[in-house]
Amino acid sequence: DALVAQTPRSIDLESNYGQVLGVQGEFLQKTGKPALAREALRLAVTHQKLAAKLSRDRDPIRALHGEHLLSLAKVELELGAYPEASAVALELPGVVPTAKRGEACLNAARILARIVVKVDAEGKLDKPDRERFIRGQLGRTVVFLREAIDANPKLGDQLKTDPDFKPLESRPEYQAIMNTLVSAAP
């Protein structure tokens, strides 16, 4: 912390510190400490975001920023912080390099699909609020899937067997959209 604070405009220090915090966050998550993992990953995202800004968006730094966001979204999901997980997932495709955007859209869609399944299963929200929230997440999921398929048409076949999307297949609105989406793939 002190070293980074002493040289606040160092791209490498910001990025390296973000990487260290990212690894720490992933370790904490794997060892059953998701609340501590969240703190470390939020800091990792902050430092990597600053490094990207300072570097004028160099691709390797943007890719690391995306990795940290994905890890943070998974932790938020594990903690049941669904709006936060959704917000992080929505941010993910916009920070990665263009070459990784399709993959990032697919990862964001996976997070959103998991949110739908968990919110639906928990039933903590009353039915109208739950359905509204789920519809929003499904809509965003489909938008990201469309972008992922546009970036890489081969993903269309993969989506049919992806375990994160399987639970959504029973939802008529998802079926209708996916049939159109996959058949319209270039």
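Biologist: Where should I start: is arginine 101 buried, partly exposed or exposed?

Modeller: Arginine 101 counts as partly exposed, because its relative accessibility is 31% and that class lies between the limits of 20% and 50%. Keep in mind that this is a predicted model.

Biologist: Which side chain does arginine 101 meet in a salt bridge?

Modeller: The general idea is that side chains of opposite charge can pair when their charged atoms come close. Here, arginine 101 meets glutamate 147, with 2.5 Å from N to O. Arginine 101 belongs to helix 6 (residues 101-122) and glutamate 147 to helix 7 (residues 127-151), so the salt bridge ties together parts 46 residues apart in sequence. Glutamate 147 is also partly exposed, at 26% relative accessibility.

Biologist: How many salt bridges are there in the whole structure?

Modeller: A search of the whole structure finds 14. One of them joins glutamate 76 to arginine 38, and their closest N and O atoms are 2.8 Å apart. This pair, too, links distant parts of the chain: arginine 38 sits in helix 3 (residues 34-54) and glutamate 76 in helix 4 (residues 59-78), with their positions 38 residues apart.

Biologist: Why does glutamate 76 count as buried?

Modeller: Buried means under 20% relative accessible area. Glutamate 76 has 1% relative accessibility, so it falls in that class.

Biologist: What forms a salt bridge with aspartate 164?

Modeller: Arginine 110 does, with the closest N and O atoms 3.8 Å apart. Aspartate 164 is in the loop between helix 8 (155-159) and helix 9 (172-183), whereas arginine 110 is in helix 6; the two are 54 residues apart. Aspartate 164 is buried, with a relative accessible area of 16%. Arginine 110 is buried as well, and its relative accessible area is 16%.

Biologist: Which residues are joined into one network by salt bridges that share partners?

Modeller: The network holds Arg110, Arg114, Asp162 and Asp164.

Biologist: Now the nonpolar side: how many residues does the largest nonpolar core have?

Modeller: To read such a core, look for buried nonpolar residues joined through side-chain atoms within 4.5 Å. The largest one in this model has 42 residues, and Ile115, Leu145, Phe165 and Tyr174 have the most contacts inside it. At least two residues of this core come from each of helix 3, helix 4, helix 5 (82-95), helix 6, helix 7, helix 8 and helix 9.

Biologist: Which helix gives the most to this core?

Modeller: Helix 6 does, with 11 residues. Arginine 110, discussed above, is in helix 6 too.

How values were computed: Residues are numbered from 1 along each chain as its sequence is written. This is a predicted model: local features need pLDDT of at least 70, side-chain atom pairs count only at pLDDT 80 or more; totals for chains, interfaces and linings use all residues. Side-chain values use heavy atoms; hydrogens and water are left out. A salt bridge is a side-chain nitrogen of Lys or Arg within 4 Å of a carboxyl oxygen of Asp or Glu. Helices (H or I, at least four residues) and strands (E, at least two) are DSSP runs, numbered from the N terminus. Buried means under 20% relative accessible area, exposed over 50%, partly exposed in between (1.4 Å probe, protein chains only).
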